[in-house]
Amino acid sequence: MGLLSSTVSITRYRVEGKLRKPVLETMAECLKEHAIREIEDDVSAKIVGWTSFDKPFNPDFRGSSFVIGTHFVFSLRVDKKSIPSSVVKKHCAMETARRLAETKRPYLSRDEKRVVKEHVISVLSKRIPATPNVYDLIWNYEDSSLWFFSTLKSANEELETLFFKSFQIPIVRLFPYTTADLAMGLSDTQRDILVRLSATLGAKE
Amino acid sequence: MLDVSVSYNRYRFLGYEYLTWLWFFIENGQDEIKKLEQEPVSLQIGNRIVLENRQKDTVESITIKGDDADLEEGILALRKGAVVSELNLWYKLGDQEWRFTVKAESLHMVSLKCPATGSVESQEDVEGAVLEKVYLCEKAVQLTDNLFKQFITLRVSEDWNKRVIPSIKKWISA
């Protein structure tokens, strides 16, 4: 679900740091360095990288193309090749039959079966196109806040990892405790009480 | 700050208490909700509430859905020790309306439907559309932040045990 979809889902983050100055140049460099690359003729099963919000299949981070108003707007793209297990099974059976016929043996050893499977997956990976998934994000640099337009656990984990790798800045997911601790302006005394809280509503677990 | 994964699990109850309190607050605190904005404001329970009742090793889940659903089943579940795990909200500000669901455990805002915006017909429209969408999403985010701030300020005060918990219990058993 993209930012401009009629309904959106948002995971909120707090960005725990600032970029090296000049900010726009640093930002462009980091995005380019970790931009998505194609894996169509590659054996890789998955690749994760940044892409442009308005051109998700042709990333371009030149100039300030990732700036809209006071926000950085770009997308996370995860390309994944998934080969159905039945296809792997079929090609393994074909390759096994071919090897047995060639060597005139009645069966393959366990190691040989493993090699056949690896070979089949590698050959199929080059032939099967990767399925792209694009998740938009908005980084309000001044506010140190980030909205990620997906609540999928796997997509959020990819974002957290790639964000730190790209910008060397950690991001903290805002769930109830972190929201209370970091974003609500509680005093030190209130934060001390927060740490000591325990459940008061509902059945005791 | 505590380790993120430790705090996620250790204080998971905060999200459940927040949504349970929010239901109570919507039912009983409309005057305070009206003070949140200068324009006329309305905040209502939407068409879906999910409750969870955790006892020992079992988790019982109760879902109430439908535009005119009777919430009595939900109150009954609260009486039995359940807490709210998902709450769909309808928020009106002036003549604009937002609909979205808040999840207790993560505070994720899901299926957020903002007031309608102009269609994007060319590349030049994209920038304006993004800014408009961000502005509209921000309204819903601000509302939930204001409500969560009200909740957490109460939660870390003596008022929670002295005043809020007895009021919630009274509401549940009424």
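Visitor: Which residue in E5(B) is the bridge partner of A:Val8?

Guide: In this predicted model, A:Val8 has B:Leu112 of E5(B) as its bridge partner. Step back from that one bridge to the two strands. E1(A) pairs with strand E5 of chain B, residues 109-113, over three bridges, and the sense is antiparallel.

Visitor: That pairing joins two chains. How many residues does each chain bring to the contact?

Guide: Chain A brings 37 residues and chain B brings 42. On the chain A side, the elements that each supply at least two residues are strands E1 (7-15), E4 (71-80) and E7 (171-173), together with helices H5 (176-183) and H6 (188-195). H5(A) has the largest share of that side, with six residues. By character, the side of chain A that touches chain B has 21 nonpolar, twelve polar and four charged residues.

Visitor: Now the interior. Which residues have the most contacts inside the largest nonpolar core?

Guide: Those are A:Leu137, B:Leu19 and B:Val84, in a core of 77 residues. The element that gives the most to this core is helix H2 of chain B, residues 13-28, with ten residues. For a closer look, try A:Leu137. Setting aside neighbours within four places in sequence, its contacts are A:Phe74, A:Ser75 and A:Leu76, plus A:Leu146, A:Trp147, A:Phe148 and A:Phe149.

Visitor: Back to H2(B). At what angle do H2(B) and H5(B) pack?

Guide: The angle between H2(B) and H5(B), a helix of residues 123-155, is about 110 degrees, and their axes are 10 Å apart. Angles of 65 to 115 degrees count as roughly perpendicular, so H2(B) is roughly perpendicular to H5(B). From H2(B), the contact uses B:Glu17, B:Tyr18, B:Trp21 and B:Leu22, while H5(B) contributes B:Leu147, B:Phe148, B:Phe151 and B:Arg155. Six of the residues in this contact are nonpolar, none is polar and two are charged.

Visitor: One last residue, B:Ile165. Is B:Ile165 buried or partly exposed?

Guide: Count the neighbours. A residue is buried if 20 or more other C-beta atoms lie within 10 Å of its own, and exposed if there are 12 or fewer. B:Ile165 has 15, so it is partly exposed. B:Ile165 sits in helix H6 of chain B, residues 159-173.

Visitor: What does B:Ile165 touch, not counting residues up to four places away in sequence?

Guide: B:Ile165 touches B:Trp160 in its own chain and A:Thr200 in chain A. You can also look for B:Trp21, a residue of the H2(B) contact with H5(B). The C-alpha atoms of B:Trp21 and B:Ile165 are separated by 9.1 Å, although the two residues are 144 residues apart along the chain.

Terms used
Residues are numbered from 1 along each chain as its sequence is written. Chains are lettered from A and ligands numbered from 1 in the order in which they are written. This is a predicted model: local features need pLDDT of at least 70, side-chain atom pairs count only at pLDDT 80 or more; totals for chains, interfaces and linings use all residues. A nonpolar core is a set of buried Ala, Val, Leu, Ile, Met, Phe, Trp, Tyr and Cys residues joined through C-beta atoms within 7 Å. Helices (H or I, at least four residues) and strands (E, at least two) are DSSP runs, numbered from the N terminus. Two residues are in contact if their C-beta atoms, placed from the backbone, lie within 7 Å. Ala, Val, Leu, Ile, Met, Phe, Trp, Tyr, Cys and Pro count as nonpolar, Asp, Glu, Lys and Arg as charged, and the others, Gly among them, as polar. Two strands pair if DSSP finds at least two bridges between them. Axes are lines fitted to C-alpha atoms, for helices over the stretch in contact, and angles run from 0 to 180 degrees between N-to-C directions. Angles under 35 degrees count as roughly parallel, over 145 as roughly antiparallel, 65 to 115 as roughly perpendicular and the rest as oblique.
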